[in-house]
Amino acid sequence: MKNSEIRPEKLHLRGIRKSLRKIRMKCLCSGEQMRLREDEDKKSELGVGRDYNGSSALSTAESENAKKLDNGNIEEAELSLRETSSLNYEEARALLGRIEYQKGNIEAALRVFEGIDINGITVKMKTALTFREERKHRRRSKGGFAATPPPSMSKHAVSLLFEAIFLKAKSLQRLGRFQEAAQSCRVILDIVETSLAEGASDNVTGDIKLQETLTKAVELLPELWKLADSPRDAILSYRRALLNHWKLDPETTARIQKEYAVFLLYSGEEAVPPNLRSQTEGSFIPRNNVEEAILLLMLLLRKVNLKRISWDAAILDHLSFALTIAGDLTALAKQFEELSPELYDQRELYHTLSLCYQGAGEGLVALGLLRKLFSEREDPNRILSLLMASKICGERAGLAEEGLDYARRAIGNLGNECSQSDGAARFVLGITLTESSRMAVTETERIARQSEGIQALESADMTNPRVVHRLALENAEQRKLDSALAYAKQALKLGAESDLEVWLLLARVLSAQKRFSDAETIVDAALNETGKWEQGKLLRLKAKIRLAKGEVKDAITTYTQLLALLQVQSKSINSAKKLPKGYVEELRSLELGTWHDLAHIYINLSQWRDAESCLSRSRLIAPYSSVRYHTEGVLHNRQGQLEEAMEAFTTALDIDPMHVPSLISKAEILLELGNRSGIAVVRSFLMEALRIDRLNHSAWYNLGKMFKAEGSVSSMQEAVECFQAAVTLEETMPVEPFR
């Protein structure tokens with residue numbers, strides 16, 4: 001067939017193929033090979049040695065798949081020719097590089113892409129993106145009508161070159177050259193960002209192919225910086241991706257937000273807080289990684305609730321972890337409550353919410369949710385829920401019986417199967433039994449429950465330091481000090497060195513054994529093991545131990561050191577926006593107790609002004625404190641002001657009717673007054689004090705005085721028994737309560 005008989009369309013395609021082939025040879029060959037190829041091309045143009053039917057574009061060894069790839073690239077080239085009437089060198093390289101990349105020839109593709117002069121065509125690409133087509137309008141000039149000249153590069157060519165830059169970054173990534181890949185990928189974002197600033201939004205978002213490449217580049221860049229071990233650049237890239245207007249689709253934005261949150265939480269790199277150029281006054285700015293991650297995850301969860309993105313359970317998992325670290329479990333509970341019912345099983349929701357509120361210190365709220373859960377017929381977490389409910393009740397004297405019922409139901413549901421929950425169930429049962437024994441009506445029932453509780457604890461997992469610590473505490477309160485000491489030491493060996501309560505209990509047990517020097521040594525060891533902010537309780541205990549040793553000046557020095565620490569912590573509280581619930585209250589209680597301890601020291605030293613000064617400081621912290629009014633009553637009593645003392649004790653009991661020291665002090669004054677008609681009132685005060693704290697030696701001593709004042713033979717015998725109990729309890733009394 002003659003050339004004149006070939007249709008013009010085929011001639012056009014053959015011309016494109018020839019142009020591509022020439023440039024491809026230049027890209028992939030060098031030296032003598034290049035010259036030989038050019039000679040062959042000249043012969044081919046003269047019709048020598050080649051069949052001009054288009055088959056020369058592919059060798060006979062290439063597969064059908066390669067033909068399809070070339071055809072696709074020819075279509076791209078044809079589009080460029082239609083738009084610009086020419087196929088320039090950079091566009092041809094972009095097409096050929098894509099062919100090699102799609103074939104898997106990564107190194108060859110990279111060599112082609114590196115031949116593109118990115119710096120030289122950047123200005124052209126920006127001009128093409130910022131160009132706006134204007135309607136024809138008249139301009140007064142000698143030439144008549146004039147229009148804004150079009151840019152030298154078409155939008156399609158820009159899209160083609162953007163893809164080449166992106167594929168170059170992907171090629172570098174596959175070859176392990178991550179930093180170079182990131183720098184290449186960043187070029188796309190730099191060009192688009194500059195163009196968007198000059199009003200090229202429609203030109204960027206209007207081209208589907210260009211927008212697709214941009215989206216991929218925005219998502220890839222932070223991943224490349226992570227692979228390049230450059231976390232700071234990764235963080236900046238994530239923020240750039242989320243803060244700039246790239247017109248990303250919701251799912252892509254959600255993926256970037258999630259990946260960024262995960263990176264913030266688990267990378268170990270502390271991010272610098274974002275410096276936002278414009279923000280609403282009073283808006284929230286995250287101060288650290290965790291806060292920024294929480295903000296991102298909450299935004300994702302809100303999008304899920306609004307059905308803008310699909311549900312991803314991992315979002316909730318990461319948010320739970322982040323809020324747990326932040327110590328804000330109430331906020332986590334709120335997030336669960338806002339979930340759509342179809343996203344989360346309601347029974348699972350009740351169980352999770354109860355965990356949140358229990359962790360946030362809202363035990364009664366958690367118990368209410370668990371009671372709702374128990375009303376359901378089926379509960380996949382039944383045993384765990386029962387144990388949690390039992391634990392909550394066991395921490396409250398009035399609910400001990402209910403907690404005991406939950407614990408026994410949990411053990412009943414376990415059956416004979418070996419389960420990890422068995423040890424936990426026995427541990428909780430032991431706690432509820434010992435707590436319920438305090439509310440027992442008869443002494444026989446109390447002893448029986450205490451014994452059963454100790455047995456349940458001993459049958460729990462004895463490798464758990466919490467179980468051993470609880471055994472130490474129960475033995476200490478029953479004044480079995482040797483057993484308590486052994487269990488406390490065992491708890492430390494099991495890995496409870498970081499547990500402040502174990503150190504405190506061990507020192508208190510030693511103080512109950514009157515081994516004050518050993519107790520102080522333990523406190524010093526604990527001070528070395530714990531952080532500076534956790535040393536308040538230890539310093540207060542150390543001061544009390546020194547006071548018990550008769551070292552009054554040293555005790556006052558330690559109290560002064562404690563007050564200085566509390567003052568520093570108070571300043572940090574004022575500067576902090578968010579603190580874990582209970583932390584502030586604990587510090588407030590510790591400072592209040594410190595001033596009252598100092599007031600008692602000065603009362604014993606008859607330094608009335610110093611005592612009054614301490615009480616005035618405590619009044620500023622808590623105006624209505626039963627402990628403060630009791631201390632004021634002690635001060636008035638020591639000064640011989642019995643009427644004022646009685647008034648102070650009465651006020652303390654009005655605030656807290658179960659305040660044992662005030663009950664005892666009021667009974668003491670009535671006994672001193674010697675009014676026989678008031679014996680019944682004294683008895684009621686002292687019996688109430690012993691009901692609340694049956695091991696209070698002062699209550700037993702004053703009860704003995706009351707029986708002695710009655711004067712009868714039977715009452716004298718009872719007085720002897722009370723005095724004996726008081727002496728025994730005083731000999732084993734710690735410098736501060738065991739719990």
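Is E477 buried or exposed? Select E477 and check: at 15% relative accessibility, E477 counts as buried (buried means under 20% relative accessible area, exposed over 50%, partly exposed in between, with a 1.4 Å probe and protein chains only). Before moving on, know that you're looking at a predicted model, where local features need pLDDT of at least 70, side-chain atom pairs count only at pLDDT 80 or more, and totals for chains, interfaces and linings use all residues. Residues are numbered from 1 along each chain as its sequence is written, and side-chain values use heavy atoms, with hydrogens and water left out.

**Stop 1: R739 and its partners**

Keep E477 on screen and add R739. The two form a salt bridge, with their closest N and O atoms 2.8 Å apart (a salt bridge is a side-chain nitrogen of Lys or Arg within 4 Å of a carboxyl oxygen of Asp or Glu). E477 sits in helix α22 (residues 465–477) and R739 in the segment after α35, so to speak a long-distance call: they are 262 residues apart (helices are DSSP runs of H or I, at least four residues, and strands are runs of E, at least two, numbered from the N terminus).

Now add E435. R739 forms a salt bridge with E435 too, and here the closest N and O atoms are 3.1 Å apart. This pair also links distant parts of the chain: E435 belongs to helix α20 (residues 421–437), 304 residues from R739. E435 is buried at 9% relative accessible area, whereas R739 is partly exposed at 45%.

To finish the picture, select R470 and E474 as well. Together with E435, E477 and R739 they are linked in a network of salt bridges. Across the whole structure, a search finds 36 salt bridges.

**Stop 2: helix α29**

Jump to residues 608–621, which make up helix α29. Its 14 residues reach 20 Å from first C-alpha to last, close to the 20 Å expected at 1.5 Å a residue (the expected span is 1.5 Å times one less than the number of residues). Colour A611, C614, L615, S618 and I621: these are buried. They cover an arc of only 100° around the axis, which puts them on the same side of α29 (the arc is that of the directions from the helix axis to the C-beta atoms). Spin round to the face turned away from that buried side and you'll find the exposed residues R609 and L620.

What do the buried residues of α29 pack against? Show α28 (583–604) and α30 (626–638), and you have the answer.

Next, pick R619 and E632. They form a salt bridge whose closest N and O atoms are 2.8 Å apart. E632 lies in α30 and R619 in α29, so the pair ties together parts that are 13 residues apart in sequence. E632 is buried at 13% relative accessible area, while R619 is partly exposed at 37%.

**Stop 3: the annotated repeat**

Select 626–659, where an unreviewed UniProt entry places "repeat: TPR" (such annotations may be inferred rather than shown by experiment). Over this stretch the chain is 79% helix and 0% strand, and the end C-alpha atoms are 7 Å apart.

**Stop 4: the cores**

Finally, select M125, F162, I188 and F336, which have the most contacts inside the largest nonpolar core, a set of 101 residues (a nonpolar core is a set of buried Ala, Val, Leu, Ile, Met, Phe, Trp, Tyr and Cys residues joined through side-chain atoms within 4.5 Å). Helix α7 (residues 155–174) supplies the largest share of this core, eleven residues. Apart from it lies another core, of 66 residues, among them F427, A472, L506 and L527.

Key
Contact = heavy atoms within 4.5 Å.
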